[in-house]
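Visitor: I would like a close look at a single part of this model, followed outward from one residue to what surrounds it. Please take your time over the details.

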Protein chains: 2
Amino acid sequence: MREEYRAELADVTQTLVAMAEGVRGAMRRASAALLSVDATDAEEVVLADAETDALYHQVEEKVYDLLARQAPVASDLRLVVTALHIGADLERMGDLASHVAKIALRRVPTAVPEELRPVIADMAATADGIAGKVAEVLRTADAARAAELEHDDDEMDELLKQLYGLMLGTAWRHGVGPAVDGALLGRWYERYADHAVNAGRSVLYFVTGETAAPAAS
Amino acid sequence: MREEYRAELADVTQTLVAMAEGVRGAMRRASAALLSVDATDAEEVVLADAETDALYHQVEEKVYDLLARQAPVASDLRLVVTALHIGADLERMGDLASHVAKIALRRVPTAVPEELRPVIADMAATADGIAGKVAEVLRTADAARAAELEHDDDEMDELLKQLYGLMLGTAWRHGVGPAVDGALLGRWYERYADHAVNAGRSVLYFVTGETAAPAAS
């Protein structure tokens, strides 16, 4: 049973890797669509979110199957349920990429105000790096890399402060609409990173069996 | 075993009811603090969020215990795991109440701009009604009432549109800062309602064993 259990757990992990890669690609395309104002790309991101949802559904089914047939206990049980938590975080990251794409669609043909572009581009790059790391640690089970995710999130918080500083500063000339969109965008990148850190923390537990402190929100 | 299983499930439900009542009270106090600019109340909401987190932790522990000792299968298994999903939604509602309280703290001593007050008050009342219904259906297992939650959410979406209309309209005279705060507030009430609807959908499954369609996000 032990070997079969491991094989089934590896199968769940594979699906989680596919989810992580999917939501990374989704946010990358959504950010590119936002900064280049490409409506087609943005629409595809919104539509593709159903694939992430389908993968999450697969994770749930596999976990139920594993629980029902292997009836794991103690730390094995926690490991299996942790897969559900990781799946839920990744699923939400897909939603947030879709939200960014929807802002890109709404802004067509107006681009993000010039002075916000560098910080939005940095948030997009940070989000991409974090999501890439989640996929990587799911694949490699590298605990040290998973632990790095905690600090990658600090960078996003710093960028969010910069973004707000620009919109709330005296030099802001774009009025309320772009500032409201900017605030929502900032929030979505930040939440994307939060969920990635949560997922990373769960991966850390998934691969080492050790719990980290819960995330601040 | 069957009876013991039911008793343990009832115990998990009790903890979920306590969480639902807690996050309802938290959002009610956060909204009151926001509209009356009461810093003490707002601070207490932020501090009290740890209690919600502790209850969620209890739900997780009880679910693990139940899974390990009763090894439920099929629909029983889904029911138990559903409790985790409900707990996660309620936990997030607590976070969102805390976010509203933090805006209240940041605004001291400036109140919400006069023209936003009625719609924010309506969002607060809608959030309160929805959270109350989640607690109620968890307690009573009333499937018809749980199903109502779907439509209560539509009301929140409508209020969010009104809020944005006010801030993006030509009559807006409060500049960017209050609009950004208003956008975030609107978003948090909306997410609070979303999580409540998700929880309600899970409760529906929890009490009837029937799944509803997944939430749009």
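In which helix of chain B does B:Ser31 lie?

Guide: Before the answer, a note on conventions: this is a predicted model, in which local features need pLDDT of at least 70 and side-chain atom pairs count only at pLDDT 80 or more, while totals for chains, interfaces and linings use all residues. Residues are numbered from 1 along each chain as its sequence is written, chains are lettered from A and ligands numbered from 1 in the order in which they are written, and side-chain values use heavy atoms, with hydrogens and water left out.

B:Ser31 lies in helix H1 of chain B, residues 2-36, where helices are DSSP runs (H or I, at least four residues) numbered from the N terminus. With a relative accessible area of 5%, B:Ser31 is buried; buried means under 20% relative accessible area, exposed over 50%, and partly exposed in between, for a 1.4 Å probe and protein chains only. Once neighbours within four places in sequence are set aside, B:Ser31 is in contact (heavy atoms within 4.5 Å) with B:Val100, B:Ala124 and B:Tyr189.

B:Tyr189 leads further inward. Leaving aside its own neighbours within four places in sequence, B:Tyr189 is in contact with residues including B:Met27, B:Leu34, B:Ile120, B:Met123 and B:Met156, as well as B:Ser31. Together with A:Leu90, A:Tyr189 and B:Leu90, B:Tyr189 touches the most other members of the largest nonpolar core, which has 150 residues; such a core is a set of buried Ala, Val, Leu, Ile, Met, Phe, Trp, Tyr and Cys residues joined through side-chain atoms within 4.5 Å.

Helix H1 of chain B also takes part in a salt bridge, that is, a side-chain nitrogen of Lys or Arg within 4 Å of a carboxyl oxygen of Asp or Glu. B:Glu4 pairs in this way with B:Arg69, their closest N and O atoms being 3.5 Å apart. The pair links distant parts of the chain, 65 residues apart, since B:Glu4 is in helix H1 and B:Arg69 in helix H2 (residues 39-70) of chain B. Both ends are partly exposed, B:Arg69 with a relative accessible area of 48% and B:Glu4 with one of 41%.

As for the other copy, a rotation of 180° with 0.0 Å of shift along its axis superposes chain B on chain A, at an RMSD of 0.0 Å, by least squares on the C-alpha atoms of residues with pLDDT of at least 70 in both. That is the relation of a two-fold axis.

Technical notes
Helix = DSSP H or I, 4+ residues; strand = E, 2+ residues; numbered from the N terminus.
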